[in-house]
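Here is a structure to go through by question and answer. Each answer sets a value against its definition.

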Amino acid sequence: MNELAGKHIVLGLSGGVACYKAADLCRQLIKEGATVQVVMTEAAMQFITPVTMQALSGRPVHGSQWDAREPNNMPHINLSREADAILVAPCSADFVARLAQGRADELLSLLCLARPQERVPLLLAPAMNREMWAHPATQRNLAQVAQDGATVLAVGNGDQACGETGDGRMLEPEELLEEVIAFFTPKVLAGQKVLVTAGPTFEAIDPVRGITNHSSGKMGFAIARAAREAGAEVTLVAGPVHLATPRGVHRINVQSAQNMLEAVMQKAQRASVFIATAAVADWRPATQSEQKIKKDGSGQTPVLGFVENPDILATVAQSQHALVGDLFCVGFAAESHDLLAHATAKRQRKGVPLLVGNLGPATFGQDDNALLLVDAQGHRELPRASKRILAQQLVAEIAQRLPALQA
Ligand code: C5P
């Protein structure tokens, strides 16, 4: 999608086994449209060769502050001035200590120190053994570099190369890529608390069977991701779907419409934006058998009665919090025809300021879609695009409509 088109990133590698992940990270950054200049410490070159990194980045790797290839012999100045960001991945415990002290006796720490702080951000992806990570010296140094303006990314938890298990693994390349993209996203939802529902619900008939639908949850997950990237604190209430949780998003898994309503009502009180993308079942079986309903060979079929499920969106939109204007509610409508008429009517029926229409079952499970935004002023089309792009556009549209941000 070229989400990093036009961005020039200095990718710094300090010493650590996680250097092998930096090779893939380099590829992924380039695939998203960035240009990447690799800088390696001597320790990093013990773990992976500059040959690999040059081949993947398409540029000679820098490793020395005494590099006569640079006409002015000042690689630390040239490389740091060209960059839109410096990303150190892996960032070892030793490298954090160097940054904390403002050391400048090798190229990577030298160029971090020499960067113009106000326009070249420094992102660090720590990678180290769990004891090194937990050591007070490391934590002290991390706090110091954060205070000095660096962005310290999270670490993963799990098996480590040394055979131990715990905190300190470097994030995976795709997680780091998400973090870099999020970093560059304008924070139009800063300070907002966004609550999203996504996916289908599952209405149990008995312990092994139930009624559900084909909603994939892709649109709602894409919206949760885009909202978080735009600076919001995001809670995602998800029905049963097999999708990875977007980074930095708090996910609550639910099954039935009633579970979803409970989770939503609990969180809605603190939210400032509610986006209902879930395909909530309209009805659930009137009774749920405690035991599996057995076929008895008589040819008789069970009779299922239904009761209507609560309308989560309408309930939230009618809550005091929404009625006084503290919660901006957005509904979705999947229709098979007459989209504008149905979406307009649904907006009024649900009592929400913004209703997003799309053409029904055809979008279920797809990676792209087209949206029709209906509000009190009229309507606006978001033409066919990937759900990722539409989610970003929708987030921008919502941000424009939030009263606090318009002021
Ligand atoms: O009435 P309909 O199901 O078409 O409305 C769709 C919108 O209402 C979506 O935003 C959906 O998430 C929400 N909805 C809900 N609870 C229901 C039914 C729909 O929140 N029980």
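**Sheet, backbone and ligand**

Q: What makes the five strands an open sheet, and in what order do they lie?
A: The order is β2-β1-β3-β4-β5, with parallel pairing. β2 (35-40) and β5 (151-152) stand at the edges with a single partner strand each, so one side of each has no neighbour in the sheet. Strands here are DSSP runs of E, at least two residues long, and helices are runs of H or I, at least four residues long, both numbered from the N terminus.

Q: What is the status of the model, and how are residues numbered?
A: This is a predicted model, in which local features need pLDDT of at least 70, side-chain atom pairs count only at pLDDT 80 or more, and totals for chains, interfaces and linings use all residues. Residues are numbered from 1 along each chain as its sequence is written, and side-chain values use heavy atoms, without hydrogens or water.

Q: How do you know that β3 and β4 pair?
A: Pairing takes at least two DSSP bridges between two strands. Four bridges join β3 (residues 85-91) to β4 (residues 122-126), so the pair qualifies. The two strands run parallel. I86 has L122 in β4 as its bridge partner.

Q: What stands out in the backbone at P90?
A: The peptide bond from A89 to P90 is cis, with omega near 5 degrees. P90 is found in strand β3. Most peptide bonds are trans.

Q: Why do A276, L313 and K346 count as polar contacts of the ligand?
A: A polar contact is a pair of N or O atoms within 3.5 Å; within protein, one must be able to donate a hydrogen and the other to accept it, and residues adjacent in sequence count only if both atoms are side-chain atoms. Ligand oxygen atoms lie 2.6 Å from a polar backbone atom of A276, 2.8 Å from a polar backbone atom of L313 and 2.3 Å from a side-chain N or O atom of K346. Each distance is within 3.5 Å, so each pair qualifies.

Q: Which elements supply at least two residues each to the shell around the ligand?
A: They are α12 (312-317), β16 (328-335) and α14 (339-350).
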